[in-house]
Amino acid sequence: MTLTLRPGTADDAAECGRICYEAFAGIAEEHAFPPDFPSPEVGVALIEGALTHPGFYGVVAELDGRIVGSNFLDERSAVVGVGPVTVDPTTQNAGVGRRLMRDVMDRAAERGAPGIRLLQTGYHNRSFSLYVGLGFVHRATMACVQGPPIRRAMPGYPVREATDADLGPCNDVCR
């Protein structure tokens with residue numbers, strides 16, 4: 001079988017979005033976590049947005065003419081961001097993800113990006129192994145905490161809705 005990579009187009013959104021949803025939902029279910037995307041339609045919308053936005057580079061993998069995966073590079077900043085990288089669950093562990101990653105890494109190098117960043121789901125050891133094998137280094141652990149707010153005041157720590165005026169001070173904290 002022949003694996004080929006090609007630039008992604010808006011026409012690929014439905015199939016790549018389905019794969020995105022199924023790939024992320026499958027690994028989440030294996031580890032008893034909620035899926036990253038609540039429905040296939042949300043996966044399609046995410047992928048369609050990346051495929052049609054001029055600040056993203058998209059690549060699609062085809063195996064004998066059938067779409068089996070995709071990857072994206074967010075090029076809106078000097079340090080570019082990878083993802084989502086997705087591979088059809090029926091073709092995982094066959095080198096498709098590695099080829100998709102190499103493609104976006106080559107793209108970043110060609111564009112002279114000073115760095116590449118990605119977020120890794122903590123329970124997905126296969127992709128973590130892939131990224132480390134490609135030279136990525138763990139920098140920090142992040143957590144996505146979900147649930148209803150406690151709706152209690154904490155003395156000395158007022159909470160309010162963010163405004164545009166908060167952007168500068170928030171960026172200072174980030175830096």
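**Figure 1. E62 and R6 meet in a salt bridge.** In this predicted model, the side chains of E62 and R6 come together with N and O 2.9 Å apart. The pair ties distant parts of the chain together: E62 belongs to strand β2, R6 to strand β1, and their positions lie 56 residues apart in the sequence. How exposed are the two partners? E62 has a relative accessible area of 17%, which is under the 20% cut-off, so E62 is buried. R6, with 24%, is partly exposed. The same two side chains also count as making a polar contact, again at 2.9 Å. Which other residues does E62 touch? Leaving aside neighbours within four places in sequence, its contacts are T2, L3, T4, R6, I67 and V68.

**Figure 2. R18 and E15 pair up within helix α1.** Here the salt bridge has an N to O distance of 2.6 Å. Why can these two side chains be looked at as helix neighbours? R18 and E15 are three residues apart in α1, which means that about one helical turn separates them. An α-helix has 3.6 residues a turn, so residues three or four places apart point the same way. Both ends of this bridge are partly exposed: R18 has 25% relative accessibility, and E15 has a relative accessible area of 29%. Zoom out a little and the pair turns out to be part of a network of salt bridges, which links E15, R18, E22, R66 and D88. The structure as a whole holds 11 salt bridges.

**Figure 3. R76 and D74 form a salt bridge.** The closest N and O atoms of R76 and D74 are 2.8 Å apart. Buried or exposed: what is the state of each partner? R76 has 52% relative accessibility, so R76 counts as exposed, the cut-off being over 50%. D74, in contrast, is buried, with a relative accessible area of 11%.

**Figure 4. D103 is a buried charged residue without a salt bridge.** Look for D103 in helix α3, which covers residues 96-110. Where is the nearest side chain of opposite charge? That is R99, and it lies 7.4 Å away. A salt bridge needs a nitrogen within 4 Å of a carboxyl oxygen, so R99 at 7.4 Å does not make one with D103. What D103 does have is a polar contact of 2.6 Å, side chain to side chain, with Y57. Y57 also turns up among the residues that D103 touches, together with L5 and V59, once residues up to four places away in sequence are set aside.

**Figure 5. Helix α2 keeps its buried residues on one face.** This helix runs over residues 40-52. Its 13 residues, at 1.5 Å a residue, should span 18 Å, and the end C-alpha atoms are indeed 18 Å apart, so the two values agree. Which residues of α2 are buried? They are G43, I47, A50 and L51. Viewed down the helix axis, these buried residues fall within an arc of 100°, so they line one face of α2. What covers them? The cover includes helix α1 (13-30) and the strands β2 (56-63) and β3 (66-74).

**Figure 6. G8 sits in the loop between β1 and α1.** Strand β1 takes in residues 3-7, and G8 is found in the loop that connects to α1. With 19% relative accessibility, G8 counts as buried, because the limit is 20%. Setting aside residues up to four places away in sequence, G8 touches L51, G58, V59 and V60. L51 is one of the buried residues of α2 seen in the previous view. V59, for its part, is also touched by D103. For a sense of distance, G8 and A109 are 101 residues apart in sequence, and their C-alpha atoms are 19 Å apart in space.

**Figure 7. The whole chain puts the close-ups in context.** How many helices and strands are there? The protein chain has five helices and six strands. The C-alpha trace spans about 65 × 40 × 30 Å along its principal axes. Of the 175 residues in the chain, 37% are buried. Among contacts between residues at least 6 apart in sequence, 62% join residues at least 24 apart.

Note on methods
Residues are numbered from 1 along each chain as its sequence is written. This is a predicted model: local features need pLDDT of at least 70, side-chain atom pairs count only at pLDDT 80 or more; totals for chains, interfaces and linings use all residues. Side-chain values use heavy atoms; hydrogens and water are left out. Helices (H or I, at least four residues) and strands (E, at least two) are DSSP runs, numbered from the N terminus. The expected span of a helix is 1.5 Å times one less than its number of residues. Buried means under 20% relative accessible area, exposed over 50%, partly exposed in between (1.4 Å probe, protein chains only). The arc is that of the directions from the helix axis to the C-beta atoms. Contact means heavy atoms within 4.5 Å. Lys and Arg count as positive and Asp and Glu as negative; His and the chain ends are not counted. A polar contact is a pair of N or O atoms within 3.5 Å; within protein, one must be able to donate a hydrogen and the other to accept it, and residues adjacent in sequence count only if both atoms are side-chain atoms.
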